[in-house]
Amino acid sequence: MTDASYQPQTFEAEASLGDYFALLKPRVMSLVVFTALVGLLAAPISVHPVIAFASILFVAIGAGASGALNMWWDADIDAVMKRTAKRPIPAGKVTPDEAKVLGVALSGMSVMMLALSANLLAAGLLAFTIFFYAVVYSMWLKRSTPQNIVIGGAAGAFPPVIGWVIATGSMSIEAWLMFALIFMWTPPHFWALALFMKSDYDDAGVPMLTVTHGRKSTRVHILAYTVLLFALAVGTAFTSIGGPVYLTVAVVLNLLFLKGAFDIWRRNEVQAEADGYAVEKSFFKLSLLYLFLHFGAILVEAMLPAAWGIWA
Amino acid sequence: MSIKAEHEIHQRRKGRNVGVGLMLAAFVVLVLALTFVKITGGAFELPRIEETQ
């Protein structure tokens with residue numbers, strides 16, 4: 001090597017390990033790990049801790065892989081939106097090709113390893129989840145329909161089902177109730193975000209409901225989904241994964257969530273702009289707590305002895 | 001003019017290589033632990049050797 005080969009531009013652009021890790025969307029991964037773990041522990045069959053640890057790790061890697069593929073495909077949108085402009089590709093730290101290769105490699109590895117550590121059905125579900133998020137949501141729905149969040153939300157709802165299947169090798173109504181909980185929670189969560197990050201989606205040309213159907217319609221949709229979510233979340237208390245702890249948590253949180261959605265529905269844009277979207281922002285924060293506490297309650301119920309009267 | 005042997009990029013690259021190395025080592029340990037748990041678990045059966053005539 002000679003001095004002539006020295007290329008400062010290339011050196012400056014070289015990514016660190018942390019940049020590659022950021023491609024995997026660590027915050028989404030942490031939610032996937034938590035919900036998959038709850039699904040696994042709520043299942044009626046116990047799993048060896050080493051197998052459980054490895055399987056959840058492979059699910060997390062699969063989720064990360066789909067995140068990398070999403071960042072590869074959506075790099076043009078991410079560069080326009082303030083919320084995502086600092087992601088590794090728009091920031092110039094990682095090339096789109098690197099993200100694609102990382103995503104494909106980790107997808108294959110995670111699915112194969114989950115098949116070996118758990119079972120083929122769990123691996124098949126993980127493969128479908130990655131496909132759904134990277135292809136159905138990112139490549140197709142996100143840019144073509146205002147229902148992108150509704151249908152795409154299914155990708156985020158699969159992890160507890162995968163956790164359940166890791167333990168039992170089969171699917172049941174309880175696993176699909178956990179799926180439905182996340183599926184119904186996703187639209188009000190993201191639409192609240194779209195209400196107060198309004199210029200982001202407009203600038204990027206993503207057909208969010210706020211852009212295609214207007215902001216009043218989005219407020220109505222948030223309330224409608226929250227009402228349906230109320231029935232679903234409270235109803236889950238009377239299944240084998242529910243119980244008195246879960247019921248208490250569900251009733252309190254759903255009343256708060258319903259009140260938040262009602263307040264959002266009552267407001268108009270003038271009121272919202274006047275207080276800097278305070279209600280929409282607090283609803284969004286509550287939605288994060290909502291999901292965490294519901295799955296936390298399912299976890300508590302799974303840990304408690306099954307001697308709870310009607311729930312026994 | 002002397003060429004500086006250690007550029008900031010070398011440190012960054014080293015950090016990345018060490019990180020990848022540690023992850024690979026952890027992966028090997030995990031596969032080893034998984035194999036041990038699988039073959040010592042009750043459900044594991046050695047493949048039968050077919051009798052040939």
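The pLDDT is the predictor's confidence in each residue, on a scale from 0 to 100. In this predicted model, chain A has a mean pLDDT of 89, and 93% of its residues reach 70 or more. Chain B averages 82, with 83% of the residues scoring at least 70. For the complex, the predictor gives an ipTM of 0.76 and a pTM of 0.86.

Because the model is predicted, local features need a pLDDT of at least 70 and side-chain atom pairs count only at pLDDT 80 or more, whereas totals for chains, interfaces and linings use all residues. Residues are numbered from 1 along each chain as its sequence is written, and chains are lettered from A and ligands numbered from 1 in the order in which they are written.

## Overall form of chain A

Chain A contains 16 helices and zero strands; these elements are DSSP runs numbered from the N terminus, helices being H or I of at least four residues and strands E of at least two. Among the elements of chain A, helix 1 (residues 8–13) has the lowest mean pLDDT, 47, and helix 9 the highest, 97. Over residues 1–11 of chain A the pLDDT is below 50, and beyond near neighbours in sequence this stretch has three contacts in the model. Two residues are in contact if their C-beta atoms, placed from the backbone, lie within 7 Å.

The radius of gyration of chain A, taken over C-alpha atoms, is 21 Å, which agrees with the value near 20 Å for a compact globule of 312 residues. The globule rule is 2.2 Å times the number of residues to the power 0.38. Along the principal axes, the C-alpha atoms of chain A fill a box of roughly 80 × 55 × 25 Å. Buried residues make up 46% of the 312 residues in chain A; a residue is buried if 20 or more other C-beta atoms lie within 10 Å of its own, exposed if 12 or fewer, and partly exposed in between, with C-beta atoms placed from the backbone. Of the contacts in chain A between residues at least 6 apart in sequence, 74% join residues at least 24 apart.

## Domains and their contact

Chain A is assigned domain 1 (15–171) and domain 2 (173–312), the bounds coming from an automatic or database domain assignment. The C-alpha centres of domain 1 and domain 2 of chain A lie 22 Å apart. Their contact takes 28 residues from domain 1 and 26 residues from domain 2. On the side of domain 1 that touches domain 2, helix 3 (26–42), helix 5 (75–80), helix 8 (148–157) and helix 9 (159–168) of chain A each supply at least two residues. The largest share of that side, seven residues, comes from helix 8 of chain A. By residue class, that side of domain 1 divides into 17 nonpolar, seven polar and four charged; Ala, Val, Leu, Ile, Met, Phe, Trp, Tyr, Cys and Pro count as nonpolar, Asp, Glu, Lys and Arg as charged, and the others, Gly among them, as polar.

## Helix 9 and the loops of chain A

In helix 9 of chain A, 10 of the 10 residues are buried, so this helix is largely enclosed by the rest of the structure. Its buried residues include A:Trp164 and A:Ile166. Their cover includes helix 3, helix 4 (49–73), helix 7 (120–141) and helix 10 (173–196) of chain A. Just after helix 9, A:Gly169 takes a positive phi of about 80°.

A:Lys25 and A:Tyr277 have positive phi values of about 55° and about 60° respectively, although neither is a glycine. The table gives the surroundings of three loop residues.

| Residue | Loop in chain A | Other C-beta atoms within 10 Å | Class |
|---|---|---|---|
| A:Lys25 | helix 2 (17–23) to helix 3 | 19 | partly exposed |
| A:Gly276 | helix 15 to helix 16 | 10 | exposed |
| A:Tyr277 | helix 15 (269–274) to helix 16 (278–303) | 21 | buried |

The C-alpha atoms of A:Gly276 and A:Phe196, 80 residues apart along the chain, are separated by 8.1 Å.

## Chain B and its contact with chain A

Helix 1 (residues 8–40) of chain B has 33 residues and should span 48 Å at 1.5 Å a residue; its end C-alpha atoms are 48 Å apart, which agrees. The expected span is 1.5 Å times one less than the number of residues. This helix of chain B is hardly covered, the count of buried residues among its 33 residues being zero.

The contact between the chains takes 13 residues from chain B and 10 residues from chain A. On the side of chain B that touches chain A, the residues divide into six nonpolar, four polar and three charged.
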